[in-house]
Amino acid sequence: MRAELDALKDNQLFRELVATEHEQGATIRRNGRRYVSFSSNDYFGLSQHPAVLAAARDGARRAGAGASALVTGYHPGMVSLGRALAAYKGTQAALVFGNGYMANLGTISALAGKDDLILADKACHACMIDGAVLSGATFRRFRHNDPDHLRQLLAKRCDYRHCLIVSETVFSMDGDRAPLHALRELADTHDAWLLADDAHGLGVTEDNPVHIEIGTLSKGLGSYGGYVCGSQAVIDFLANRARSFMFTTALPPLVTAAAEQALALLHRDAALRRRPLEAARFFTQQTGLPEAQSPIVPLVIGEAGAALEASAQLAEAGFWVAAIRPPTVPPGTARLRFAFSALHEQRDIARLAETIRQHGWLGHTHLQRLEPAC
Ligand SMILES: *Cc1c(COP(=O)(O)O)cnc(C)c1O
């Protein structure tokens with residue numbers, strides 16, 4: 001273990017846990033200093049919204065659900081949150097999981113088995129890859145956002161029983177959007193299903209043309225948990241087959257109450273839904289980066305050490321922007337990842353853009369077009 005840890009340190013890939021306190025707005029405190037953070041996924045600021053906090057307090061008559069949903073943990077908060085998610089997504093039903101990681105792990109491993117084929121975008125999140133490996137299905141990856149490559153891999157479709165195509169709606173580390181209509185058309189013509197993870201798209205994407213949609217309550221909704229939306233048959237099947245749903249305790253009532261209130265706020269406030277993307281677009285205008293497609297904007301730096309150095313220089317100027325390094329992103333594409341939220345003030349974004357221009361990192365933007373080697 002020591003040898004492995006030393007190797008991580010030598011390669012600038014060691015990760016450290018740093019105590020971080022969130023204050024009002026987008027401000028955080030860590031290492032005794034205060035920063036404006038661009039590294040939170042609380043896109044709409046709902047984790048600190050007074051109505052969400054009030055719902056959590058009202059839901060806190062018990063601190064825990066006491067059992068798995070299939071035993072006695074399916075409390076009224078779980079029931080109504082599931083209904084609200086299905087209504088929001090326009091599906092017959094929804095299933096609430098412990099978190100987004102468990103929702104992906106349990107769903108993908110339940111839907112596919114050893115005679116099946118899973119085809120996933122190369123940039124898919126670790127939990128989708130883990131679900132595919134756990135399923136025992138044959139697992140191939142297609143080049144990021146490349147339906148032509150997917151079509152080539154589908155040539156082998158008939159060697160398998162079922163085929164599942166896996167993508168994200170908004171990619172977590174690149175901020176770009178999947179060509180879901182093209183993926184759906186390929187799924188339909190090859191008797192396959194399309195599953196997409198909307199962890200970063202909730203409130204930003206609309207009417208995703210997928211068979212099954214997965215998401216998290218922990219990002220845009222500012223709470224904690226995960227969910228799957230689909231037909232009643234899919235949800236009944238997952239409740240009986242998804243092991244990360246069956247063999248774990250249901251979410252605490254205060255958590256489901258907070259998430260349901262956050263979803264209601266998001267649903268009724270179109271202006272709030274637009275704000276993170278508007279903030280991201282203001283930033284890409286100010287820096288000359290390619291126009292933001294989502295609240296996430298990457299600035300690819302290259303080597304891990306250089307990305308850490310860039311992050312440290314932004315910290316000097318009062319901004320917290322985490323360096324994202326392998327294995328989260330492919331080798332040679334370490335980056336600064338900016339996540340914009342409704343909490344950001346325009347003057348802070350303008351000052352951030354000015355700081356970045358002064359450091360000359362924008363010369364690296366051509367790297368964003370590079371297809372990673374693996
Ligand atoms: C964060 C994330 C998850 C995990 O969600 P949690 O609720 O934090 O476990 C799943 N998929 C994607 C794409 C994510 O970015």
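Before I turn to the ligand, one convention: Ala, Val, Leu, Ile, Met, Phe, Trp, Tyr, Cys and Pro count here as nonpolar, Asp, Glu, Lys and Arg as charged, and the others, Gly among them, as polar. With that classification, the shell around the ligand divides into three nonpolar, nine polar and three charged residues.

What we are looking at is a predicted model, in which local features need a pLDDT of at least 70 and side-chain atom pairs count only at pLDDT 80 or more, while totals for chains, interfaces and linings use all residues. Residues are numbered from 1 along each chain as its sequence is written, and side-chain values use heavy atoms, with hydrogens and water left out.

The chain has a mean pLDDT, that is, the predictor's confidence in each residue from 0 to 100, of 96, and 97% of its residues reach 70 or more. The exception I want to flag is residues 366–374, where the pLDDT is below 50, although this stretch has 14 contacts in the model (contact meaning heavy atoms within 4.5 Å) beyond near neighbours in sequence. Where pLDDT is low, the predicted coordinates should not be read in detail.

Now to the ligand itself. It is surrounded by 15 residues, each with a heavy atom within 4 Å of the molecule, and the closest are Gly100, Asp197, His200, Thr216 and Lys219. Helix α5, residues 100–111, gives the most to this shell, with three residues; helices (H or I, at least four residues) and strands (E, at least two) are DSSP runs, numbered from the N terminus.

Which side chains place a polar atom by an oxygen atom of the ligand? His200 does so at 2.6 Å, Lys219 at 2.7 Å and Ser218 at 2.9 Å. These are polar contacts, defined as a pair of N or O atoms within 3.5 Å, with the added conditions that within protein one must be able to donate a hydrogen and the other to accept it, and that residues adjacent in sequence count only if both atoms are side-chain atoms. Taken alone, the ligand exposes 380 Å², and the protein buries 86% of that; accessible areas come from the Shrake-Rupley method with a 1.4 Å probe, and for residues only the protein chains shown count as cover.

Let me move on to two serines in loops. Ser294 lies in the loop between α12 (270–287) and β11 (296–302), and it counts as buried because its relative accessibility is 0%, where buried means under 20% relative accessible area, exposed over 50%, and partly exposed in between, with a 1.4 Å probe and protein chains only. Not counting residues up to four places away in sequence, Ser294 touches Val170, Gly175, Leu277 and Ala280. A polar atom of the Ser294 side chain lies 2.8 Å from the backbone oxygen of Gly175, and the side chain also reaches the backbone nitrogen of Ile296 at 3.1 Å.

Ser341, in the loop between β14 (334–339) and α14 (346–359), is likewise buried, with a relative accessible area of 6%. A polar atom of the Ser341 side chain lies 2.8 Å from the backbone nitrogen of Leu343, and, leaving aside neighbours within four places in sequence, Ser341 is in contact with Asp42, Tyr43, Pro276 and Ala279.

A few backbone details deserve a careful look. Most residues other than glycine have a negative phi, and most peptide bonds are trans. Against that background, a cis peptide bond joins Pro326 and Pro327, with omega about 5°, and Pro327 lies in the loop between β13 (323–324) and β14. Gln12, in the loop between α1 (2–10) and β1 (20–22), has a positive phi near 60° and, at 39% relative accessibility, counts as partly exposed. Asn31, which is found in the loop between β2 (27–30) and β3 (33–37), has a positive phi of about 50° although it is not a glycine. How accessible is Asn31, buried or exposed? At 60% relative accessibility, Asn31 counts as exposed.

Finally, some distances across the model. Glu4, found in helix α1, counts as exposed because its relative accessibility is 64%. From C-alpha to C-alpha, Glu4 is 36 Å from Ser294, with their positions 290 residues apart in sequence, and its C-alpha is separated by 32 Å from that of Asp197, 193 residues apart along the chain.
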